[in-house]
Amino acid sequence: MAAGRTASRAAQALILAVVVGLLALLVTTTADHLQQRGIRSGFDFLLEPAGFSIGESLLPVEAEDSTLRAFAAGLLNTLRVALPGALLATLIGVLAGFGRLADNPLVRGLASAYVNAFRNIPLLLQLLAWYFLLTDLLPATDAALRVAPGVFLSKSGLALPWWVDGALEIPEPGGFGIDGGARLTPEYLAILLGLTFYSAAYIAETLRGAVEALPPGQRLSALALGMTPRQAFVLVLLPQAWRAALPPVTSQLLNLFKNASLAVAIGYPDLVSVAGTSLNQTGRAIECLSIVIAVYLLLSLLAAALSHRLEQRALRGQAA
């Protein structure tokens, strides 16, 4: 046993050394070829002025700010849409999964139609559809729809109450549009809605399969104890099914993070969009792509580690 483990570790170390050696050779060869052709390389451009501004960002970026600040703003924009999208997709997925198993034929039919429709239409087409819906079919800003008190929807996006300088500011119709509060642009809304409903459809189907894989006696026993179908699903079936569904649901949420890169198609300034603009400004294609790849890889590894920890905790709770 010990000899087998030693041989296995030695083989893994050898494979790792070969991979690192090949990567080092690739980097060295690429750098030599770029130098021979007089092409600048390296990551020093990150400290130089970006040469472009980002209008929609939690971190303001002007042309004179560094490219590194622009990449940070792009990453924040990616997280700004991916994190709420993951939360909303999980909630909607649970509701749609429950609807797929409902006794009411109307609810079951509507949930099935939603899941089948959003799973079978490519995400890029859904993003474009949401974008054109928000920018073409909604009224102009000066005739914005009043969705709720202090909430207005128009071609300019969604106006919401927000805290400004410590006080809650309520949007109000002004001379040329809506004054006050915060704005969610059509680009942000389109990518958020597209990612949410697309991912929720897959999560719903995953949960439905996990619930149906449970012994049928679980639901019947819960109903026999006087629980409603909703209580049986939430209190009995869902906790058990969630343990089995956690790995595939995590994969869907990871896909949501990676699919956020499609935001470039509708003009939302995410990490990929910023990288593309920086590439055009500096010509550092390899470096810009390397940064994007490294960031998405890091996010995926962190999410996978979190999923593994939650799965282990769920297994320990089941064993206890």
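**Exercise 1. The strand pairings**

Task: Starting from Arg146, which residue of β2 stands opposite, and in what order do the strands of the open sheet follow one another?

Solution: Arg146 stands opposite Phe152 in β2, and this is a convenient place to enter the sheet of this predicted model. The two strands β1 and β2 run antiparallel and are joined by 3 bridges. They form a hairpin with 2 residues between them, and Gly150 in the turn has a positive phi of about 80°.

The next step leads from β2, residues 151-154, to β3, with which it pairs in the antiparallel sense, again over 3 bridges. Here Ser154 is the residue opposite Gly157 in β3, and the two strands β2 and β3 form a hairpin with 2 residues between them.

The last step leads from β3, residues 157-160, to β8, where the pairing is antiparallel over 3 bridges. Two of the facing positions can be named: Ala159 stands opposite Arg183 in β8, while Leu160 has Ala182 of β8 as its bridge partner.

Put together, the open sheet has 4 strands in the order β1-β2-β3-β8, with antiparallel pairing. Neighbouring strands in this sheet are turned against each other by 25° on average, if direction is ignored.

**Exercise 2. The edges of the sheet**

Task: Which strands stand at the edges of the sheet, and why is one side of each left without a neighbour?

Solution: Begin with the order of the strands, β1-β2-β3-β8. The edge positions belong to β1, residues 145-148, and to β8, residues 182-184; each has a single partner strand, so one side of each has no neighbour within the sheet. The partner of β1 is β2, joined to it by 3 bridges, and the partner of β8 is β3, likewise paired over 3 bridges.

**Exercise 3. How α2 packs against α3 and α5**

Task: At what angle does α2 pack with α3, at what angle does α2 pack with α5, and is each crossing left-handed or right-handed?

Solution: Take α3 before α5. Helix α2, residues 67-100, and helix α3, residues 105-120, pack at an angle of about 130°, with their axes 7 Å apart. An angle of that kind makes α2 oblique to α3, and the crossing of the two helices is left-handed. From α2 the contact takes Ile92, Ala96, Gly99 and Arg100, and from α3 it takes Val107, Arg108, Ala111, Ser112, Tyr114 and Val115. Sorted by class, the contact of α2 with α3 has 6 nonpolar, 2 polar and 2 charged residues.

Now turn to helix α5, residues 186-212, which packs with α2 at an angle of about 40°, the axes being 6 Å apart. This again makes α2 oblique to α5, but the crossing of α2 and α5 is right-handed. The residues of this contact divide into 15 nonpolar, 6 polar and 4 charged.

**Exercise 4. The pair α3 and α5**

Task: How are α3 and α5 placed relative to each other, and which residues make the contact?

Solution: The angle between α3 and α5 is about 120°, and their axes are 8 Å apart. The two helices are therefore oblique to each other, and α3 passes α5 in a left-handed crossing. On the side of α3 the contact is made by Tyr114, Val115, Phe118 and Arg119, and on the side of α5 by Phe197, Tyr198, Ala200, Ala201, Tyr202, Ala204 and Glu205. By class, the contact of α3 with α5 has 9 nonpolar, no polar and 2 charged residues.

**Exercise 5. Two residues in helices**

Task: Which residues does Ile92 touch, leaving aside those up to four places away in sequence, and which does Pro239 touch under that condition?

Solution: Ile92 is found in helix α2, where a relative accessible area of 23% makes it partly exposed. Leaving out residues up to four places away in sequence, Ile92 touches Tyr114, Thr196, Phe197 and Ala200. Ser261 lies 169 residues from Ile92 along the chain, and the C-alpha atoms of the two are separated by 22 Å.

Pro239 belongs to helix α7, residues 229-259, and with 35% relative accessibility it counts as partly exposed. With residues up to four places away again left out, Pro239 touches Phe233 and Val234. Between Pro239 and Leu128, 111 residues apart in sequence, the C-alpha to C-alpha distance is 36 Å.

Conventions
Residues are numbered from 1 along each chain as its sequence is written. This is a predicted model: local features need pLDDT of at least 70, side-chain atom pairs count only at pLDDT 80 or more; totals for chains, interfaces and linings use all residues. Side-chain values use heavy atoms; hydrogens and water are left out. Axes are lines fitted to C-alpha atoms, for helices over the stretch in contact, and angles run from 0 to 180 degrees between N-to-C directions. Angles under 35 degrees count as roughly parallel, over 145 as roughly antiparallel, 65 to 115 as roughly perpendicular and the rest as oblique. A crossing is left-handed if the near helix is turned anticlockwise from the far one by less than a right angle, and right-handed if clockwise. Contact means heavy atoms within 4.5 Å. Ala, Val, Leu, Ile, Met, Phe, Trp, Tyr, Cys and Pro count as nonpolar, Asp, Glu, Lys and Arg as charged, and the others, Gly among them, as polar. Two strands pair if DSSP finds at least two bridges between them. Buried means under 20% relative accessible area, exposed over 50%, partly exposed in between (1.4 Å probe, protein chains only).
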